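Colleague: Please take a close look at one buried part of this model and set it in its surroundings. I would like the cut-offs stated along the way.

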Amino acid sequence: MDIKSLEVFKAVAIEQSITKAAEKLNYVQSNVTARIQRLEQELGVPLLYRYHKKISLTPAGRELLPYVNKLLFDFEEAIEAVKLSSTPRGSLHIGAMESTATTRLPIIFSQYHKEFPKVELSLYMAPTVDQVNAILNYKIDGAFVDGPILHPEIIEYPVLDESLVLITSYSTETFHIESILHEPLLSSFAHCTYLGIWQKWLADNDFAPMRVMEYGTLEGVLKCVENGLGVTVLPISMVESRMQDKLNCHPLPDTHRTVPTVFIMRRDSYMTSALSKFMEFAGITNL
């Protein structure tokens, strides 16, 4: 049983004629007859009375007709729901690193929700490696991650460049790199791209890698740094509002300072109107 057969049955029931139904659907008459016969075989009951070139519905046919009408209506509604339309709706699952989720996305999410309240918007916050896996497994529609990703199944769009800084507790003394090498390097999650960049700079300059300590949340990490427990590496945008008398920020060397943030999605993903409009709100214009 398929949609076309149901459409044929409905047309025949309305026209009460195989010939007229075929003309209405632009089918050959034999095709209409064959579809009705196949439908009767699948259901195991006759749907039409045939006499003197006229037809009428059997009791089974009359009972089936309202269900066919509802199925065809629901099918057409489903098609319209997923079409690219001017009014986004449905669900939209966006992923982001904690740095982007806390500094860049709140205003974008707020404005988007006000403009398109019919979209069920949700956020998945995780490190880049987990975001990539979520994209590849169709769990989210798009994600903000540290780039470049360079995966054959992923397309990426540039968003912005983050400037990394080494963050230490507040001090008026002159900063020397040797003074913090014995301290723990704090992170809110494993596989942090920013800490990896810092550790690479240390290795490139013949310093031993620093010991990494995970501390649950970004807020917890910054509180620990404020209180002298350790240091961390983050984009300057995440700590600009906390600078006064609490933290010192030391820019990383030029060769290791800039990290691009990109928006990624699967190459085979369908670009819904909800996703397209979200990317516009995020300033991603090279679609």
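Modeller: A contact means heavy atoms within 4.5 Å. On that basis, among contacts in the chain between residues at least 6 apart in sequence, 71% join residues at least 24 apart. The model is predicted, so local features need pLDDT of at least 70 and side-chain atom pairs count only at pLDDT 80 or more, while totals for chains, interfaces and linings use all residues. Residues are numbered from 1 along each chain as its sequence is written, and side-chain values use heavy atoms, with hydrogens and water left out.

First, the frame. The chain contains eleven helices and eleven strands; these are DSSP runs (helices H or I, at least four residues; strands E, at least two), numbered from the N terminus. Along its principal axes the C-alpha trace spans about 105 × 35 × 30 Å. The radius of gyration of the chain is 31 Å, against a value near 19 Å for a compact globule of 287 residues; the radius is taken over C-alpha atoms, and the globule rule is 2.2 Å times the number of residues to the power 0.38. Of the 287 residues, 41% count as buried, where buried means under 20% relative accessible area, exposed over 50% and partly exposed in between (1.4 Å probe, protein chains only). The exposed surface of the chain comes to about 16,100 Å², of which carbon and sulfur atoms supply 53%; the areas come from the Shrake-Rupley method with a 1.4 Å probe, and for residues only the protein chains shown count as cover.

The part I chose is helix 6, residues 105–115, where Leu 105, Ile 108, Phe 109 and Tyr 112 are buried. Viewed down the axis of helix 6, these buried residues fall within an arc of 95°, so they line one face of the helix; the arc is that of the directions from the helix axis to the C-beta atoms. Ile 107 and Lys 114 are exposed, and they sit on the face turned away from the buried side of helix 6. The buried residues of helix 6 pack against strand 3 (90–96), helix 5 (98–103), strand 4 (119–125), strand 5 (142–146) and helix 11 (273–281).

Two of these partners can be followed further. In helix 5 lies Thr 100, which counts as buried at 3% relative accessibility. Leaving out residues up to four places away in sequence, Thr 100 touches Leu 105, Phe 144 and Thr 261. Leu 105 is also one of the buried residues of helix 6.

Helix 11 has its own buried set: Ser 273, Ala 274, Leu 275, Ser 276, Phe 278 and Met 279. Their cover includes helix 6, along with strand 3, strand 4, strand 5, strand 6 (154–169) and strand 11 (258–266). Just after helix 11, Gly 283 takes a positive phi of about 80°.

Strand 5, which packs against the buried residues of helix 6, has a backbone detail to check on each side. In the loop between helix 7 (128–136) and strand 5 is Tyr 138, which has a positive phi of about 60° although it is not a glycine. Tyr 138 is exposed, with a relative accessible area of 53%. The loop between strand 5 and strand 6 holds Pro 148, and a cis peptide bond joins Gly 147 to Pro 148, with omega at about -5°.

Some other sites give context. Gln 16, in the loop between helix 1 (3–15) and helix 2 (18–25), is also not a glycine and has a positive phi of about 55°; its relative accessible area is 51%, which makes Gln 16 exposed. Val 45 lies in the loop between helix 3 (29–43) and strand 1 (48–51) and is partly exposed at 33% relative accessible area. Not counting residues up to four places away in sequence, Val 45 touches Glu 40 and Ala 60.

Trp 201 belongs to helix 8 (residues 193–204) and counts as buried at 14% relative accessibility. Apart from neighbours within four places in sequence, its contacts are Ile 177, Phe 207, Pro 253 and His 256. From Trp 201 to Asn 26, 175 residues away in sequence, the C-alpha to C-alpha distance is 71 Å.
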